[in-house]
Each structure stands twice: as C-alpha cells, then as structure tokens.
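I opened the model and kept notes as I went. The entries below follow the order of my look-ups.

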Amino acid sequence: MKKFNLIKSTLGNVINRYGQTVVFYLDEVDSNYDLAVKPLIIIVPGYAESKMDFISTAYYLANNGFMVIRYDNTNSIGQSSGVFDNICFSSMYNDFKAVLDYSFKKFNGSRIGVLTSSLSSRIIFRFLAKEKEASLRVNCLICVAGIVN
C-alpha cells in the first residue's frame, strides 16, 4: 500500500480588479524542494462549485509532487466576497486572472497548469485567447467535463 505524505493547506487570498477578495487554499506536501521548481496546478471552480469540492483532487495532485491552488469564485458559494446572485462570466474571468497573476509572482519559474470543470472551461478558453501575455504562463490546460456551447 502506498504511503501518503502529510499535505499542508495554507489559506490565502488575493484581490480581483473589482476590489473583491478571492479566497484560496495552497495545498502542497511539505518538502525541501525550491517552490520555483515544483509545478503548480490551479483548479478553477465551475458555476456553484467551491474550493471544497476539489479537496480529493488537490490532495492527490499534491501527494504526487504538485503544488495546487483551489479557490472560490467571488459572487458564488464559498468564502470569497460577493453576493451569489451577482455571479457572471466576467467575475469568474477576473477571479482567475487575479489568482494566475498571484501565482506567477509568488512561484515565478514554476510550470503552471490549469484544471477546469464545467463552465469554467469556457471562461478559461476565452481568457487564454484574449490575454496573450498571461496565456504564455499556462503550460497545460485540462478540461474535465467542459461545457462550451
């Protein structure tokens, strides 16, 4: 049976362009590796999903050598600021941009992958097409049950 490592989950937050707080967890195995060397996966929640929906996925990835950021969209369920009735694609877009910008500054040099589910796939497709400089930071995109129509 495989031995699982102790995973450290660190609570953090960033501010999006609307001044709203985006709350996230950084999950990683406590190790001696330089943070700039470990690859990072950003898990993007879909509509009415929260960072708590992705604990098992994040812990699996962390136990296999990745750092993982999972966050709550603003104006949605979870700990991020805003009112649920106000969720829209543009707020989800700007939340991802804030998390990606933070990740790039904090872990400059790390390879960054993005894992999307449901409607978040559509938002990230648009983001990568429009934000040319930011799209160069993303090395891998994995869409789970992507909805694009």
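**Entry 1: the largest pocket**

How do the residues of the lining of the largest pocket divide into nonpolar, polar and charged? I note first that the model is a predicted one. My tally for the lining reads four nonpolar, two polar and three charged residues. I then wrote down the members: R17, Y18, F89, S90, Y93, N94, R122, I123 and R126. The space in this pocket comes to about 160 Å³.

Which element gives the most to this lining? I found α2 in that place, with four residues. Helix α3, residues 120-130, also matters to my list, as α2 and α3 each supply at least two residues of the lining.

I picked R122 from the lining for a closer look. I find R122 in helix α3. Its relative accessible area is 34%, and R122 is therefore partly exposed, given that this class runs from 20% to 50%.

**Entry 2: helix α2**

I turned next to the helix that gives the most to the pocket lining. Helix α2 covers residues 89-106, which is 18 residues. I checked its span from the first C-alpha to the last and got 26 Å, close to the 26 Å expected at 1.5 Å a residue.

Which residues of α2 are buried? I listed S91, M92, Y93, N94, D95, F96, A98, V99, L100 and S103. Y93 and N94 appear in this buried list, and both also line the largest pocket. An α-helix has 3.6 residues a turn, so residues three or four places apart point the same way.

**Entry 3: the hairpin**

I went to the strands at the start of the chain. Strand β1 spans residues 7-15 and strand β2 spans residues 21-29. Do they pair in the parallel or the antiparallel sense? I read antiparallel, over nine bridges. As one point of reference, I noted T10 opposite L26 in β2.

The two strands form a hairpin, with five residues between them. I looked at the turn and found G19 there with a positive phi of about 80°. R17 and Y18 I had already met in the pocket lining.

**Entry 4: strands β3 and β4**

How many residues of β3 are buried? I counted five of the five, so β3 is largely enclosed by the rest of the structure. I then sorted the side chains by direction. L40, I42 and V44 point one way from β3, I41 and I43 point the other way, and all are buried.

I looked for the strand that pairs with β3. β3 and β4 pair in the parallel sense over four bridges. I located I41 and found V68 as its bridge partner in β4.

**Entry 5: positive phi outside glycine**

Where is A48 found? I placed A48 in the loop between β3 (40-44) and α1 (55-63). A48 is not a glycine, yet its phi is positive, at about 60°. I get 31% relative accessibility for A48, so it counts as partly exposed. I also took a distance from A48 to R122, which is 74 residues away along the chain. Their C-alpha atoms are separated by 15 Å.

N75 was my next case. Its phi is near 60°, again a positive value in a residue other than glycine. I find N75 in the loop between β4 and α2. Is N75 buried or exposed? I call N75 buried because its relative accessibility is 6%, and the cut-off for buried is under 20%.

**Entry 6: cysteines**

I followed the loop between β4 (67-71) and α2 on to C88, which is found there. The C-alpha atoms of C88 and N75 are separated by 8.1 Å, with their positions 13 residues apart along the chain. C88 counts as partly exposed because I get 33% relative accessibility for it.

How many disulfides does the structure hold? My search returned zero. C143 is in no disulfide, and its nearest cysteine sulfur, that of C140, is 9.5 Å away. The cut-off I used is 2.5 Å between sulfur atoms. I logged C143 as partly exposed, because its relative accessible area is 32%.

Key:
Residues numbered from 1 in each chain as written. Predicted model: local features only at pLDDT ≥ 70, side-chain atom pairs only at ≥ 80, totals over all residues. Heavy atoms only, no water. Pairing = 2+ DSSP bridges. Expected span 1.5 Å × (residues − 1). Buried < 20%, exposed > 50% of the residue type's maximum accessible area, 1.4 Å probe, protein only. 1 Å grid on protein atoms, 1.4 Å probe; cavity = no way out; pocket = protein on both sides within 12 Å on 5 of 7 lines; lining within 4 Å. Points joined across faces, edges and corners; volume = space filled by probe spheres on them. Nonpolar A, V, L, I, M, F, W, Y, C, P; charged D, E, K, R; others polar.
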